[in-house]
Amino acid sequence: MVGAYQIRGLARIRQNKFDEAIEDYKTAIKYDPENVVLWHNLSLCHIQKEDYEAAKEDLGTLLTIAPKYTRAYLMRGEVSLKQNDTIQALRDFDKAIDMDRYDPDGWGARALYVSSRESIKRLKLIWTSLSI
């Protein structure tokens, strides 16, 4: 039963039918509440819908079930950035790096954050110098 909802949820994600996919994943989770893949995909649907609060809740549940699931920290970090919560984003990126120092995605996410912050600083300096 869980597999059918999971497969249909994936098909609906590919069709950009995120509301329907969310319903499939929620139904599947009722039958298998500790299935990491279901929580992961549910959070992806919420991210695609830009429902970041729901995504963070899903990722929090996922991390309760699987506290060493580094992808969830990276995803939550990305969501935090979208919400302009840079402190939480850095915490999550650093947690993922601490858990797996050889995972390039953790370093990449943190590097993108740092480089975007540096780019913003440079743009502010340029803007300030142009307005003088």
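Helices in this account are DSSP runs of H or I at least four residues long, numbered from the N terminus. The model described here is predicted.

## Overall architecture

In order from the N terminus, the elements of the chain read α-α-α-α-α-α-α. The secondary structure thus amounts to 7 helices and 0 strands. The chain has 132 residues, of which 36% are buried. Contacts between residues at least 6 apart in sequence include a share of 43% that join residues at least 24 apart. The surface exposed by the chain comes to about 8300 Å², and carbon and sulfur atoms supply 54% of that area.

## Salt bridges

The whole structure contains 5 salt bridges. Three of them are set out in the table, each with its N to O distance.

| Basic residue | Acidic residue | N to O distance |
|---|---|---|
| R12 | D24 | 3.0 Å |
| K49 | D19 | 2.4 Å |
| K56 | D85 | 3.9 Å |

The side chains of R12 and D24 form a salt bridge. This pair connects distant parts of the chain, with R12 in helix α1 (residues 2-14) and D24 in helix α2 (residues 18-31), at a separation of 12 residues. R12 has 22% relative accessibility and is therefore classed as partly exposed. D24, by contrast, has a relative accessibility of 2%, so D24 counts as buried.

K49 is paired with D19 in a further salt bridge. K49 lies in the loop between α3 (36-48) and α4 (52-65), whereas D19 belongs to helix α2; the two are 30 residues apart, and the pair again links distant parts of the chain. K49 is partly exposed, its relative accessible area being 39%. D19 is likewise partly exposed, with a relative accessibility of 45%.

The salt bridge between K56 and D85 also ties together distant parts of the chain: K56 sits in helix α4, D85 sits in the loop between α5 (70-82) and α6 (86-99), and 29 residues separate them. K56 has a relative accessible area of 19% and counts as buried, because the cut-off for that class is under 20%. D85, at 30% relative accessibility, is partly exposed. In addition, R8, R12 and D24 are joined into one network by salt bridges that share partners.

## Packing of α5 and α6

Two packed helices are described by the angle between their axes and the distance between the axes. For α5 and α6, the axes come within 8 Å and cross at roughly 160 degrees. Angles over 145 degrees count as roughly antiparallel, and α5 and α6 are therefore roughly antiparallel to each other. Their crossing is left-handed.

On the α5 side, the contact involves T70, Y73, L74, R76, G77, E78, S80 and L81. These residues meet T86, Q88, A89, D92, F93, K95, A96 and M99 of α6.

Which residues does D92 touch, not counting those up to four places away in sequence? They are Y73, R76, G77 and S80, each of which is listed among the α5 residues that meet α6. D92 itself is found in helix α6. With a relative accessibility of 2%, D92 is classed as buried.

Definitions and conventions: Residues numbered from 1 in each chain as written. Predicted model: local features only at pLDDT ≥ 70, side-chain atom pairs only at ≥ 80, totals over all residues. Heavy atoms only, no water. Buried < 20%, exposed > 50% of the residue type's maximum accessible area, 1.4 Å probe, protein only. Contact = heavy atoms within 4.5 Å. Areas by Shrake-Rupley, 256 points an atom, 1.4 Å probe, with all protein chains shown as cover. Salt bridge = Lys/Arg side-chain N within 4 Å of Asp/Glu carboxyl O. Axes fitted to C-alpha atoms, helices over the stretch in contact; angles between N-to-C directions. Parallel < 35°, antiparallel > 145°, perpendicular 65-115°, else oblique. Left-handed = near helix turned anticlockwise from the far one by under 90°.
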